[in-house]
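Reader: I'd like to practise reading a structure from its overall make-up down to single residues. Could you take me through one?

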Amino acid sequence: MSAVPLAARELAIARGSRTLAQGVELELRRGEVVALLGPNGAGKSTLLATLAGLLEPAAGRVERGGRVAAALQAPALARRSVRANVEAALAWWGVPRDQRRERALTALRALRVEQLAERPAAALSGGEARRVHLARGLALQPDALLLDEPFAGLDAPTRAELLHDASTLLRAPERATLLVVHDRAEAWALADRVAVLLDGELVSGPTAELLEQPPTAALAGFLGFSGELREADGASVRLRPGHVVADPAGPLAGRVTHRIPEEDGLLCELELEDERGLLQLRLPHPGPAAGELVRVRIDGGVRIAAGAR
Amino acid sequence: MAFVLHLLDEAFARIAGGDGALVETALRTLWFASLATLFALLAGLPLALWLADGRTRARRIGLTLANAGLGLPPVVLGVYLALLLLPASPLGGLSWDYRPPAVVLAQTLLALPIVVALSAAALRTLPPGLLEQARAFGASRPQRALLALREARVGLAAAVIATLGSALAEVGAVVIVGGNIRGSTNTLASTVLLDLAASDTPGAIADALVLVALLLLLALVLTLVQQGRTRDATAEGLV
């Protein structure tokens, strides 16, 4: 049993004639969960489909050390009962007939939708369909499970519930799991490692390391480091709003250029004096007026050396 | 009016009396139409499955041709097929001219665009990603084809019934390639011509009545299938 059921080597992916990424190196190891992040159109779903064998690589290769199943973005359930949908997937997977029912019900129970087993799939809500879709993937017990945005299109409470359940269910010592996610919170909640597909390149690393210390300015920008403090040597410090603290005795001062009201306060954009950069910070309501001078100090952030993109 | 009623009365009497030639013609018509529908389905469904995924130019062209084929005049097909079946022609070696296989072949060729166009239209209504997802869960090509056919079964039933109805009612090509030979290649629709030519108006009316009854039966089956689907959808909370 290979410890790496799925790996990409020098992989290039394409949609039609358009190459979306190249030189992709990725190993999925048993027992780990990897989150794949990237902006819209970066090629996340294409990479997943290529890894799953649904698309041919434009270059390079995909190495499979086990069986790979992919749950694509749309649940795409057939017009039959929930249980029949899971059993159909098990039949395609080659599971003997006498084991299908029990495996289907076990997977539905794990996702807390066993009571929907005999209900027509067409009658499910969006959240229920997502759970059944995930149950189908888990029921197969593949060596590598690829999930394309398993929380897409759900309202906040439903998403939070599913995220909570998935954080336990996706972790299995015998399985490698790759999931395409839409935001960093999902990656934080679920993944041991994060891979970011940006500008045609894949960068991966341990979740906390990559999300807190992105190596390039472009990656930092994508990962929410929206503020920039330019330094004299050409380097810059990239900052999230949480890294900037209002402090009347702070060493930096900037004028408020934008005010964006939020649920818990105000997101303010500051243009620093001496053209040292733009920062964002959160302040309690009602906050400063536009044009007002605010003093701040820096508490965190990531330093990007000069020349690092 | 009395004359018309008399003709109708005689036609009904022949039907009620189980006129041997009428029954034989009705059974032959059903046999030809069923075979043609079967062959058209065997050839047309795989083509429809391929065309339904109309993302390439070749598939779009194929779908356009199938749609255009819906309007193909049967006599045009009949003329060209009859030419192909002449002894000196490419299909002459089959010796099918003026024989039942020629009738079935003509009906099959006329039914093919109906099967392909209507089935492809039914298959294009499948939920997006259904077949791709099945593939991602390990479904083989035949398993995906079965899934598609099962999911589109109501639309496919309509295609089958339309095909069968078309084959039952077809006249032009049948007469040209089969010769409309009584007891061999005639069908209910083509026998109307024979009876009228022989001044047997009650016979023509009886043939027509039986044909209409068969077509109404098909319409009834289709309606029941569609209503059954609607009931399913209602139970699923869709309507």
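Author: We'll go from whole chains to one strand and then to a patch on the surface. Keep in mind that this is a predicted model.

Reader: Let's start wide. How many helices and strands are there in chain A?

Author: Chain A has eight helices and 17 strands. Its C-alpha trace spans about 75 × 45 × 35 Å along the principal axes. As for burial, 52% of its 309 residues count as buried.

Reader: And what does the secondary structure of chain B come to?

Author: Chain B comes to 11 helices and zero strands, so its pattern along the sequence is simply α-α-α-α-α-α-α-α-α-α-α. Along the principal axes, the C-alpha atoms of chain B fill a box of roughly 65 × 55 × 25 Å. Buried residues make up 41% of the 239 residues here.

Reader: Back to chain A. How do I read the side chains of a strand, say S3(A)?

Author: Start with the general idea: in a regular strand, side chains alternate between the two faces of the sheet. Now the case at hand: A:Val33, A:Ala35 and A:Leu37 point one way from S3(A), while A:Val34 and A:Leu36 point the other way.

Reader: Are those residues of S3(A) buried or exposed?

Author: They're all buried, whichever way they point. "Buried" here means under 20% relative accessible area. Strand S3, residues 33-37 of chain A, has five of its five residues buried, so the strand is largely enclosed by the rest of the structure.

Reader: Which strands pair with S3(A), and in which sense?

Author: One partner is strand S7 (residues 176-180) of chain A, in the parallel sense over four bridges. Strand S8 (residues 193-198) of chain A also pairs with S3(A) in the parallel sense, again over four bridges. You can follow both pairings from A:Ala35: its bridge partner in S7(A) is A:Leu179, and in S8(A) it stands opposite A:Val194.

Reader: Now the surface. Which residues gather in a patch of negative charge?

Author: For a charge patch, look for like charges that lie within 9 Å of one another and have no salt bridge. In this structure, A:Glu271, A:Glu273, A:Asp274 and A:Glu275 gather in such a patch of negative charge on the surface.

Reader: Where is A:Glu275 found, and why does it count as exposed?

Author: A:Glu275 is in the loop between strand S14 (265-272) and strand S15 (277-283) of chain A. Exposed means over 50% relative accessible area, and A:Glu275 counts as exposed because its relative accessibility is 68%.

Notes: Residues numbered from 1 in each chain as written. Chains lettered and ligands numbered in written order. Predicted model: local features only at pLDDT ≥ 70, side-chain atom pairs only at ≥ 80, totals over all residues. Heavy atoms only, no water. Patch = residues over 30% accessible without salt bridge, like charges linked within 9 Å, V, L, I, M, F, W, Y side chains within 5 Å. Areas by Shrake-Rupley, 256 points an atom, 1.4 Å probe, with all protein chains shown as cover. Salt bridge = Lys/Arg side-chain N within 4 Å of Asp/Glu carboxyl O. Lys, Arg positive; Asp, Glu negative; His and termini not counted. Charge placed at Lys NZ, Arg CZ, Asp CG, Glu CD. Helix = DSSP H or I, 4+ residues; strand = E, 2+ residues; numbered from the N terminus. Buried < 20%, exposed > 50% of the residue type's maximum accessible area, 1.4 Å probe, protein only. Pairing = 2+ DSSP bridges.
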